[in-house]
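Subject: the structure I promised you

Hi,

Here is the structure we talked about, handed over to you. Have a look at it first, and then read on for what turned up.

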Amino acid sequence: MSLSIVKLCVGVATIEELAAWQDDFAKMQKTRGEPPRIFHATLQTPKRQAELLEGGSLYWVIKGVIQVRQRLVAFEDGLKDDGSPCCHIVLDRTLVPVRPVPRRAFQGWRYLSGDDVPADLGVGARGDGAASIPPEMRRALIELGLI
């Protein structure tokens, strides 16, 4: 099983908000003449990069629940907006909804072993197609603990 990362998605209330924020970020990069790509800047560089790049993902915790993942593409040295050094965790653009799992708040990111990753919605053994549920209904079902 591959190794992944779990991270809080601060300031975002839904998967759709995260998608819109990332789209806006890519458009801004394009207008500056940069190749559009999605990354998360973090102070701590993961030590287990090779394991993470063997099929790992970044799992986003939105409103106290792991809800979505993005495949890890690369790790690069970067700079934060204030010029301080950081690590850019480069992500695939595709957001994959996952079976919701409650997660308490924490700082930074944490490793997530392959045994602990939530299944993708609509791809599980039941083939329930939960990823196609409209966002408002999916949010209500998550709050009720039904998915």
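Let's start with tryptophan 60. Is this residue buried or exposed? With a relative accessibility of 6%, tryptophan 60 is buried, because anything under 20% counts as such. Keep in mind that this is a predicted model.

Tryptophan 60 belongs to strand S3, which covers residues 57-62. Leaving out residues up to four places away in sequence, tryptophan 60 touches a long list of others, including Lys7, Leu8, Cys9, Leu18, His40, Val65, Ile66 and Leu91. Glutamine 70 is also on that list. The side chains of tryptophan 60 and glutamine 70 make a polar contact at 2.8 Å. Along the chain these two are 10 residues apart, and their C-alpha atoms are 8.1 Å apart in space.

Another residue of S3 is serine 57. Serine 57 is buried too, at 2% relative accessibility. Which residue does its side chain meet in a polar contact? That would be arginine 69, side chain to side chain, at 2.9 Å. Besides Arg69, serine 57 touches Leu3, Ser4, Ile5, Gln70, Arg71 and Leu72, again not counting residues up to four places away in sequence.

Now the inside of the protein. The largest nonpolar core holds 24 residues, and Trp60 and Ile89 have the most contacts inside it. Where do the residues of this core come from? Helix H1 (15-31), strand S2 (38-42), S3, strand S4 (65-79) and strand S5 (85-91) each give at least two of them. If you click on isoleucine 89, look for what it touches: among them are Ile5, Ile38, Phe39, His40, Leu58, Leu72, Ala74 and Phe75. Another core, of 8 residues, lies apart from this one, and includes Tyr59, Val61, Val98 and Phe106.

Next, have a look at strand S1, residues 4-8. How many of its residues are buried? The count is 5 of 5. Ser4, Val6 and Leu8 point one way from S1, while Ile5 and Lys7 point the other way, and all of these are buried. S1 also has partners. With strand S7 (residues 109-112), S1 pairs in the antiparallel sense over 4 bridges. With S3, S1 runs parallel, and 4 bridges join the two. Valine 6 is a handy marker here: it stands opposite arginine 110 in S7 and opposite tyrosine 59 in S3.

Then there are the aromatic rings. A pair of rings is described by how far apart the centres are and by the angle between the planes. The whole structure has 3 aromatic pairs. One of them joins tryptophan 21 and phenylalanine 25, and it is stacked, with 5.5 Å from centre to centre and 5° between the planes. Why are those two about one helical turn from each other? Because they sit 4 residues apart in helix H1. Their cover differs in class: tryptophan 21 is partly exposed, at 47% relative accessibility, whereas phenylalanine 25 is buried, at 15%.

Tryptophan 109 and tyrosine 111 make an edge-to-face pair, because their planes meet at 75°; the ring centres are 5.0 Å apart. Tryptophan 109 is buried, with a relative accessible area of 13%, and tyrosine 111 is partly exposed, with 29%. You can also find an aromatic cluster formed by Trp21, Phe25 and Phe39.

Finally, zoom out to the whole chain. The protein has 3 helices and 7 strands, and from the N terminus on the elements run β-α-β-α-β-β-β-β-β-α. There are 147 residues, of which 42% count as buried. About 8,500 Å² of the protein is exposed, and carbon and sulfur atoms supply 54% of that. What share of the contacts between residues at least 6 apart in sequence joins residues at least 24 apart? The figure is 63%.

If you want a place to begin in the viewer, go to tryptophan 60 and then follow its polar contact to glutamine 70.

Cheers

Technical notes. Residues are numbered from 1 along each chain as its sequence is written. This is a predicted model: local features need pLDDT of at least 70, side-chain atom pairs count only at pLDDT 80 or more; totals for chains, interfaces and linings use all residues. Side-chain values use heavy atoms; hydrogens and water are left out. Buried means under 20% relative accessible area, exposed over 50%, partly exposed in between (1.4 Å probe, protein chains only). Contact means heavy atoms within 4.5 Å. Accessible areas come from the Shrake-Rupley method with a 1.4 Å probe; for residues, only the protein chains shown count as cover. A polar contact is a pair of N or O atoms within 3.5 Å; within protein, one must be able to donate a hydrogen and the other to accept it, and residues adjacent in sequence count only if both atoms are side-chain atoms. A nonpolar core is a set of buried Ala, Val, Leu, Ile, Met, Phe, Trp, Tyr and Cys residues joined through side-chain atoms within 4.5 Å. Two strands pair if DSSP finds at least two bridges between them. Rings of Phe, Tyr and Trp (its six-membered ring) pair if their centres lie within 6.5 Å; planes under 30 degrees apart count as stacked, over 60 as edge-to-face and the rest as tilted.
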